[in-house]
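Work through the following exercises with the sequence and the model at hand, and try each task before reading its solution.

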Amino acid sequence: MKELAGRLTAVDPDAGAAVRVIAYFDALAESRAGLEALVRAAAVLAGCPARLVDDERRVRVRVEPDGRRLDSPLPPEPGWPSAALVPGGVPALWLERPGDGGPSVVDAVILERAAGALRLVLDRTRGRAPLSPADDPALVETLLDATAAEQARLHAARRLGLPVDARARVLATHGGRPRVLVVGDAGAPDAGPHGGVPAAAVDGSDGIGGRVGVGPVVSVPDLPRSWAAARVALRFTAEGTARDPGQRVVRAEDLGGLALLAESVVPGGDPPPDVRELEKAAADAPWMLATLHAVASTASLRAAATEVNVHHSTLQDRLTQAESLLGWPVRDPHGRLRLQLALTLRRLARG
């Protein structure tokens, strides 16, 4: 999709931008982004405030182009570009700019893709409840939706059998449902890599496989914050393979200031220059990424050699080749930090 967008941009900038918008909203839908995240994407991509107003479901979300949520009691202007959530329905999503002559091509695509994604989220989280709460992913999504009223979230918690006075954390998994873990006594130690003492799990599934982002322990009303942090942590995870080395489980509490990097890298967008150099180097040798990850994540070069099961002299030869391909040293403190950042940005840039 990125290659197609690049080719189209050379011929028609609007067409290229439209393809990028489609890819961006497809990625958000795949990650099961919530209402606020979708409205924020519309605002940032359009470069103007965007707002969602669904009076029937009592949903109102307004986001500034810099990503800040800033709701307004004023009604939308009739001339703003808008889209309905259902064919033939009333406008529910607006881009706050004069609509003289109708929306631009890019604005029209933003409205169409955002409205479609918003409709799916609203149908899941505000639609009719199935017969069995345990089989209802919409209850979990409502529980974790920051745009839902607290009363609705607490009602979802009770229907799921989650004590409203409990402490819990959320796990985000790649391509799977969010998992809510109720934590045991506050003084109890963490149990295992997922943290907490799981007294109960609420997601209708057993076991967790693949990449996992772990949110912080919070109160039930604050679970949307744990869910947001878990999704950020998930972006820092890796498959743990030679092609994608790194931790499969990442806790949000362990990221510290690194979490800020996620705000500056758009998934599926053009990767930073150091990441492009890293990919070129990886294409030259199958051992490249695993070796560089070992150098970046262990305490010494001898420990890195042990990690990838090679002799110390072999590792030195590999690093000489890697430095030649990358264009910077990786054995001094500055170069090692640059390598760590490049490997981290590579995970964040992944679509």
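**Exercise 1.** Decide whether Phe25 is buried, partly exposed or exposed, and then classify its ring pair with Tyr24.

Solution. Phe25 has a relative accessible area of 2%, so it is buried, where buried means under 20% relative accessible area, exposed over 50% and partly exposed in between, with a 1.4 Å probe and protein chains only. Tyr24, at 25% relative accessibility, counts as partly exposed. A pair of aromatic rings is described by the distance of the centres and the angle of the planes. Rings of Phe, Tyr and Trp (its six-membered ring) pair if their centres lie within 6.5 Å, and planes under 30 degrees apart count as stacked, over 60 as edge-to-face and the rest as tilted. By this rule the count comes to 1 aromatic pair. The centres of the Tyr24 and Phe25 rings are 6.3 Å apart and their planes stand at 80°, so the pair is edge-to-face.

The model is predicted, so that local features need pLDDT of at least 70 and side-chain atom pairs count only at pLDDT 80 or more, while totals for chains, interfaces and linings use all residues. Residues are numbered from 1 along each chain as its sequence is written, and side-chain values use heavy atoms, with hydrogens and water left out.

**Exercise 2.** Compare the expected span of helix 3 (residues 35–46) with the separation of its end C-alpha atoms.

Solution. Helices (H or I, at least four residues) and strands (E, at least two) are DSSP runs, numbered from the N terminus. The expected span is 1.5 Å times one less than the number of residues, so the 12 residues of helix 3 should span 16 Å, and the 17 Å between its end C-alpha atoms agrees with this. Buried residues of helix 3 include Leu35, Leu38, Val39 and Ala46. After helix 3 comes Gly47, whose phi is positive, near 75°.

**Exercise 3.** Describe how helix 10 (residues 273–284) and helix 11 (residues 288–297) cross, and which residues meet there.

Solution. The axes, which are lines fitted to C-alpha atoms over the stretch in contact, with angles running from 0 to 180 degrees between N-to-C directions, come within 8 Å and cross at roughly 125°. That makes helix 10 oblique to helix 11, since angles under 35 degrees count as roughly parallel, over 145 as roughly antiparallel, 65 to 115 as roughly perpendicular and the rest as oblique. With contact meaning heavy atoms within 4.5 Å, Leu278, Ala281 and Ala282 in helix 10 meet Met288, Leu289 and Leu292 in helix 11.
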